[in-house]
Amino acid sequence: MNQLSQETSPYLLQHANNPVHWKAWNPNSLAKAKEKNKLIIISIGYSACHWCHVMEHESFEDQEVADVMNAHFISIKVDREERPDVDAVYMKAVQIMTGRGGWPLNIVALPDGRPVWGGTYFRKADWMNTLAQLQEIYKSAPEKMIDYAEKLHQGIQSMKIVPNENPEATINQKQIADLVEKWKKSFDWEFGGMASSPKFMMPNNYHFLMRFGHQKKDTQLLDFVNLTLTRMAFGGVFDTVDGGFSRYSVDNKWHVPHFEKMLYDNGQLVSLYSDAYKLTRNPLYKEVVEKTLSFVERELMNSEGGFYCALDADSLNTENHLEEGAFYVWKIPELKKIIGTDFDLFVPVFNINTFGLWEDGNYVLIQNQSLEEIAKNNKITLSELESKKKIWEQKLYIEREKRAKPRLDDKCLTSWNAMMLKGFVDAYKAFEVDNYLKLALQNAHFIIGKLWSSEGNLFHNYKNNKSTINGYLEDYSLVIAAFISLYEVTFTEKWLQYAKQLTDYSFEHFYDPQTGFFAFTSALDEALITTHFETEDNVIPASNSVMAKNLYLLSTYFENSHYEKVSQRMLQNSLLNADYSSAYSNWMDLALNYSDENKELAICGNLALEYCNKINSSYFPNVIVAGTEKASNLPF
């Protein structure tokens with residue numbers, strides 16, 4: 001029978017009525033496969049994933065497909081957001097087998113969990129044919145399958161970290177400069193971002209490039225970062241009507257997004273745009289931050305101060321069918337009715353033309369020129385056009401709220417909450433809006449109260465007053481970073497003490513002295529088919545690069561030489577492999593801390609917080625700030 005109705009994950013619950021006898025990932029499900037000597041289907045996705053929904057509708061809701069799966073396989077559904085450890089291990093396997101990855105991620109494994117076949121989205125006929133062939137091989141020649149699984153398993157194991165036996169005494173700053181020069185060849189100088197599609201926002205890349213450009217006085221690099229941030233803010237990936245970013249753009253001009261809105265993107269992008277505002281004072285960046293935080297507070301925050309995960313890409317269209325982007329797109333007759341006499345002016349602002357057309361007469365709002373240019377061309381003042389734009393967006397918002405909203409993924413994940421918490425802190429630094437700090441503190445208390453156990457461990461997930469999954473390294477590293485950022489704006493030392501407590505717990509349960517890195521999964525948890533060390537930065541920076549940065553900061557605050565040695569060893573080992581710059585941007589950012597340009601600043605006395613706010617509102621990425629208004633026991 002399908003057992004997913006007992007789960008709390010919105011993704012698993014979406015599949016609870018499938019005729020497939022789905023089980024969740026747990027020891028009982030895995031034991032059942034061994035007991036019955038059946039192959040395992042492991043199908044991994046997440047609630048806001050469009051192609052996951054498509055495959056569910058075509059295959060997993062189909063009785064014919066279900067009959068095949070139920071007869072010969074133990075079928076396990078995995079929410080990749082709840083189980084990033086399982087996802088990471090099987091993603092490695094599929095990338096070795098096929099050279100690419102994505103979601104839904106579908107794997108067939110031996111009863112012991114070792115993979116033998118995998119891929120992403122499959123049409124119904126291909127899926128059924130493949131399953132039939134695999135079952136036939138397993139029945140007639142199981143040794144072939146076992147031999148292949150063993151070779152593949154060795155391949156996965158060989159991707160482990162090789163320890164660096166000869167770390168240098170100093171960090172090579174020239175290597176960082178060379179990597180940036182090489183990286184520049186991939187830039188899209190027309191629309192920003194990388195010269196390819198689809199385009200992901202990759203906030204960590206631009207955090208680093210902005211800092212490097214600023215410290216090295218590389219105006220070309222700063223121009224590129226500003227071009228990218230402007231184009232992302234202009235594009236359909238940013239929801240100008242209601243705030244918030246979608247996950248990525250399917251084209252090269254940031255126009256048509258994959259319409260899901262994820263908490264982790266928005267938390268990081270708020271931090272990025274806040275920092276960019278401090279450097280440029282560009283009012284567009286301020287608008288992006290204000291709208292995004294307003295969206296998060298309104299749509300993604302629960303009554304306890306926690307943040308939900310995501311809004312789905314799909315929503316019900318006028319025919320009551322789920323359709324990607326239905327909530328966000330517009331047709332010309334509808335826009336004319338809403339905007340009225342201003343429509344002719346609205347057209348150039350939001351490109352209701354061939355540049356802004358998506359498909360089937362649907363338009364995704366996109367800007368490609370500044371309001372100054374449009375105001376000048378239409379002989380009106382800039383302030384008048386700005387005022388009109390606000391009114392249009394308000395009208396569109398009111399109209400859009402009448403539509404069926406995208407589905408909400410209402411679980412809370414610790415790591416993603418920490419990124420959003422830091423986003424609110426970074427926005428408070430840039431704009432000194434008291435509400436931003438209030439919501440950040442509220443979320444910190446939610447994490448402490450609901451996601452940090454009395455045994456000292458963090459949980460990964462929370463829903464319906466329940467936390468069921470032990471925390472991963474990403475939870476520890478990102479919460480530590482968020483708590484350090486709270487110290488930077490409040491000078492309340494308990495946030496540093498909490499950060500240190502979680503760091504020491506991480507050493508005890510995640511650190512591997514042999515490689516010098518932290519494992520992704522706690523030593524208290526059941527082992528997977530291989531140990532996963534997350535070292536490459538992606539849409540979320542690698543948990544090890546975040547931890548290495550934390551150790552660097554905490555080594556300064558607590559004068560802890562062990563933290564510093566571990567951080568430096570991690571960095572040197574990572575830079576050995578850093579040929580693909582995008583995957584090492586957070587490591588390179590840490591490397592800049594080891595340059596002569598890095599400074600430490602202590603602000604003491606009655607006016608410490610007042611001066612702190614002034615420092616925080618300016619762009620000083622190379623300054624570590626500490627301070628106190630009274631006597632302090634902090635070693636620094």
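This briefing covers selected strands, backbone features and surface residues of the structure above. The model is a predicted one. Strand β2 (residues 39-45) is mostly covered, with 7 of its 7 residues buried. Elsewhere, 3 strands form an open antiparallel sheet in the order β9-β10-β13. Cis peptide bonds precede P104 and P198, and positive phi angles occur at M202 and E559.

**Strand β2 and its partners**

- In a regular strand, side chains alternate between the two faces of the sheet.
- Both faces of β2 are covered: L39, I41, S43 and G45 are buried on one side, and I40, I42 and I44 are buried on the other.
- β2 pairs with strand β3 (residues 73-79) in the parallel sense, over 7 bridges.
- Within that pairing, D79 in β3 is the bridge partner of G45.
- β2 is also joined to β4 by 5 bridges, and these two strands run antiparallel.
- Here the bridge partner of S43 is N106, in β4.

**The open sheet β9-β10-β13**

- Strands of a sheet pair through backbone hydrogen bonds, in either a parallel or an antiparallel sense.
- This sheet has 3 strands, and its pairing is antiparallel.
- The edges are taken by β9 (261-262) and β13 (408-409), each with a single partner strand, so one side of each has no neighbour in the sheet.
- β9 and strand β10 (residues 310-311) pair in the antiparallel sense over 2 bridges.
- K261 stands opposite L311 of β10.

**Cis peptide bonds**

- Most peptide bonds are trans, and most residues other than glycine have a negative phi.
- The bond from W103 to P104 is cis, with omega near 5°.
- P104 lies in the loop between α5 (84-98) and β4 (105-109).
- A cis peptide bond also joins S197 and P198, with omega about 0°.
- P198 is placed in the loop between α8 (173-184) and β6 (199-200).

**Positive phi angles**

- M202 is not a glycine, yet its phi is positive, at about 45°.
- The loop that holds M202 runs between β6 and α9 (203-215).
- M202 has a relative accessible area of 13% and is therefore buried, the cut-off being under 20%.
- E559, which is not a glycine either, has a positive phi of about 45°.
- E559 is found in the loop between α21 (543-557) and α22 (561-576).
- With a relative accessible area of 59%, E559 is exposed, because the class begins over 50%.

**A negative surface patch**

- E319, E323, E359 and D360 form a negative surface patch.
- One of these residues, E323, lies in strand β12 (residues 322-324).
- E323 counts as partly exposed, at 30% relative accessibility.

**L607 and E629**

- L607 sits in the loop between β18 (599-604) and α24 (608-616).
- Its relative accessibility is 41%, so L607 counts as partly exposed.
- L607 and E629 are 22 residues apart in sequence, and their C-alpha atoms are 7.0 Å apart in space.

How values were computed: Residues are numbered from 1 along each chain as its sequence is written. This is a predicted model: local features need pLDDT of at least 70, side-chain atom pairs count only at pLDDT 80 or more; totals for chains, interfaces and linings use all residues. Side-chain values use heavy atoms; hydrogens and water are left out. Helices (H or I, at least four residues) and strands (E, at least two) are DSSP runs, numbered from the N terminus. Buried means under 20% relative accessible area, exposed over 50%, partly exposed in between (1.4 Å probe, protein chains only). Patches are made of residues with over 30% relative accessible area and no salt bridge: like charges are joined within 9 Å, nonpolar side chains (Val, Leu, Ile, Met, Phe, Trp, Tyr) within 5 Å. Accessible areas come from the Shrake-Rupley method with a 1.4 Å probe; for residues, only the protein chains shown count as cover. A salt bridge is a side-chain nitrogen of Lys or Arg within 4 Å of a carboxyl oxygen of Asp or Glu. Lys and Arg count as positive and Asp and Glu as negative; His and the chain ends are not counted. The place of a charge is taken as NZ of Lys, CZ of Arg, CG of Asp or CD of Glu. Two strands pair if DSSP finds at least two bridges between them.
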